[in-house]
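Dear colleague,

I am passing on the structure below, and my notes on its aromatic rings follow it. Please read them with the coordinates open.

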There are 2 protein chains.
Amino acid sequence: MICVLAGGVGAARLLRGLAQLVPPSELVAIGNTGDDLVLHGLHVSPDLDTVTYTLAGLADEAQGWGRREERWTVMEELERLGGQTWFRLGDRDLATHLYRTQRLAEGATLTEVTAELVARLGAPLRLLPMSDDPVRTRLTLADGREVAFQEYFVALRHQVPVRAVRYLGAEAAQPAPGVLRAIAEAERIVVAPSNPILSIGPVLAVPGVRPALAARRDDVVAVSPLIGGRAVKGPADRLLAELGHDASSAAVARFYAELAGTLVLDHQDRDDVASVQAAGVRAVLAPTLMSDLARATELARVVLAAGPASVPAPDPA
Amino acid sequence: MICVLAGGVGAARLLRGLAQLVPPSELVAIGNTGDDLVLHGLHVSPDLDTVTYTLAGLADEAQGWGRREERWTVMEELERLGGQTWFRLGDRDLATHLYRTQRLAEGATLTEVTAELVARLGAPLRLLPMSDDPVRTRLTLADGREVAFQEYFVALRHQVPVRAVRYLGAEAAQPAPGVLRAIAEAERIVVAPSNPILSIGPVLAVPGVRPALAARRDDVVAVSPLIGGRAVKGPADRLLAELGHDASSAAVARFYAELAGTLVLDHQDRDDVASVQAAGVRAVLAPTLMSDLARATELARVVLAAGPASVPAPDPA
């Protein structure tokens with residue numbers, strides 16, 4: 001069984017590659033819910049949905065979020081009403097949020113609802129939210145104002161400097177059922193090439209997750225989300241720099257050093273290898289840009305082979 | 001100023017007729033919220049929306065609910081997910097519920113949200129919910145089970161006998177701001193041809209409304225929702241019979257006798273006139289079937305003229 005700590009798009013692409021190699025029952029993702037928000041009364045879980053849609057082949061890959069062949073009648077009408085339309089929810093996507101919100105109101109856990117959505121949409125993996133309890137990523141901007149993740153990411157288009165990040169509610173949160181066990185039992189644990197602070201950080205903030213990973217450090221392979229010191233998508237590079245790290249794969253290695261024995265980084269970052277190793281982390285060079293499924297599958301292959309012991313090729317049963 | 005106690009379709013049609021004769025600032029409807037429900041986390045107010053959509057010219061008149069030129073992408077997707085689709089919410093209609101739910105979550109009152117929707121959609125009236133507090137119509141079925149209004153009306157298609165009706169929360173509810181004043185100050189108060197028990201009953205159950213109406217009894221004109229002992233739409237006839245009234249306009253007169261000095265009833269019910277008068281209610285015969293806007297406007301004209309003193313034709317300024 002392969003366990004992946006997952007944020008949004010980068011994680012979804014690597015998971016899609018892994019899904020070419022690993023049977024659904026053996027592929028477990030632990031998804032970030034720090035981006036979740038309640039909007040119009042609806043519980044929206046952007047990262048869980050990006051993973052589900054991508055693996056089900058339903059994602060708008062060009063746009064990087066939402067459903068393909070999406071329609072926008074509801075948002076058009078909401079605009080006419082003067083409602084909040086800064087966070088665009090397509091018609092098909094909205095059905096997911098209606099479903100989730102109704103099921104949660106009926107008493108289902110986010111874990112249960114997520115499993116139902118994965119099954120109904122046909123995503124070939126097991127997807128666990130990091131926690132059934134609310135954890136909310138909040139950012140303190142340079143001007144001292146604290147904003148919710150989506151206000152920073154969507155409304156402000158992450159074009160503002162950040163002074164601090166916290167994960168509200170994390171201290172009181174429990175890992176969702178199956179999370180610690182998946183980490184404990186996986187042959188390989190993968191930290192996806194997601195934003196270390198905004199996407200993986202919330203998962204690591206859930207009590208019990210860091211020690212569980214540290215106990216498996218030799219089998220934990222992180223993939224750097226930076227190529228040539230830049231994020232493929234989003235503000236990971238700027239954010240790392242703003243919060244006192246370097247915008248480099250070496251800094252990513254140091255960020256994860258206590259938890260991940262191996263870092264996969266792009267060939268472009270070969271100059272970082274010495275620094276990665278100096279942090280006590282094995283460095284594995286590979287092409288990490290997942291511009292199509294073939295490249296994502298290649299990276300998945302590297303990740304499965306990247307630890308001190310490579311994972312045996314699974315029986316494609 | 002004309003004040004109308006309003007349910008759904010029947011009230012909306014009469015209001016549309018009145019809006020041909022009365023300027024928007026002088027036409028106040030007090031809407032039933034006993035049908036309101038929270039579904040998928042969204043606050044749905046079916047009767048308020050039917051009135052708003054109808055007066056804004058946006059209603060699906062043939063269907064009797066919802067928006068015209070409606071689209072159904074969200075429901076189609078929700079069906080695919082195995083979600084609850086028994087209560088059909090079209091894409092355009094959903095925007096209303098998203099807007100309302102978001103504004104309520106921000107601390108706006110239902111009165112405020114309703115005024116915003118009326119203004120944005122361009123409905124030519126003032127529409128007040130009967131209360132900003134939750135009042136929920138609940139029905140005890142013949143088998144003893146108690147169900148919410150929409151379960152009876154939509155899921156069970158009102159094809160089950162009812163033993164009792166109550167308005168949960170009514171005792172603790174306050175009339176919404178402006179409700180009692182509209183009743184006190186109106187030149188004419190109209191009880192729309194809505195279901196007396198399911199649509200007008202909840203309004204009357206809000207503390208203060210009955211005495212306010214009783215104090216204006218001479219100026220209150222009710223319109224019977226029955227023609228020839230049958231409801232134009234919905235279960236009003238059966239329900240009146242099941243709850244120990246007759247399914248007749250005479251029974252409607254008795255039902256409202258303490259509150260309404262006049263009843264407008266259809267020519268077909270001319271045999272009921274003596275019984276209406278025996279209940280101490282003036283009887284005014286008129287064609288009450290509002291099959292088009294011209295007929296609705298004619299009925300509106302009758303209603304304005306039907307009291308002991310007819311309302312002067314308003315200045316169409």
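B:Phe149 is a convenient place to start: in this predicted model, the residue has a relative accessible area of 5% and is therefore buried. Its partner is B:Phe153, with which B:Phe149 forms a stacked aromatic pair, the centres lying 5.1 Å apart and the planes meeting at 20 degrees. The two residues both belong to helix 6 of chain B, which covers residues 149-155, and because they are four residues apart there, about one helical turn separates them. B:Phe153, unlike a residue counted as buried, has a relative accessible area of 24% and is partly exposed, since the buried class ends at under 20%.

In chain A, the pair to look at is A:Trp86 with A:Phe87, whose arrangement is edge-to-face, with 5.7 Å from centre to centre and 75 degrees between the planes. Here A:Phe87 is the buried partner, at 10% relative accessibility, whereas A:Trp86, at 33%, counts as partly exposed. Over all chains, the count of aromatic pairs comes to eight, and the two described above are among them.

Beyond the ring pairs, there is also a charge over a ring to report in each of the two chains. In chain A, A:Arg67 lies over the face of A:Tyr53, at 5.3 Å from the ring centre. In chain B, the charged end of B:Arg67 sits over the ring of B:Tyr53, and the distance to the centre of that ring is 5.3 Å.

With best regards

Note on methods. Residues numbered from 1 in each chain as written. Chains lettered and ligands numbered in written order. Predicted model: local features only at pLDDT ≥ 70, side-chain atom pairs only at ≥ 80, totals over all residues. Heavy atoms only, no water. Phe/Tyr/Trp six-rings, centres within 6.5 Å; stacked < 30°, edge-to-face > 60°. Buried < 20%, exposed > 50% of the residue type's maximum accessible area, 1.4 Å probe, protein only. Lys NZ or Arg CZ within 6 Å of the ring centre and 35° of its normal.
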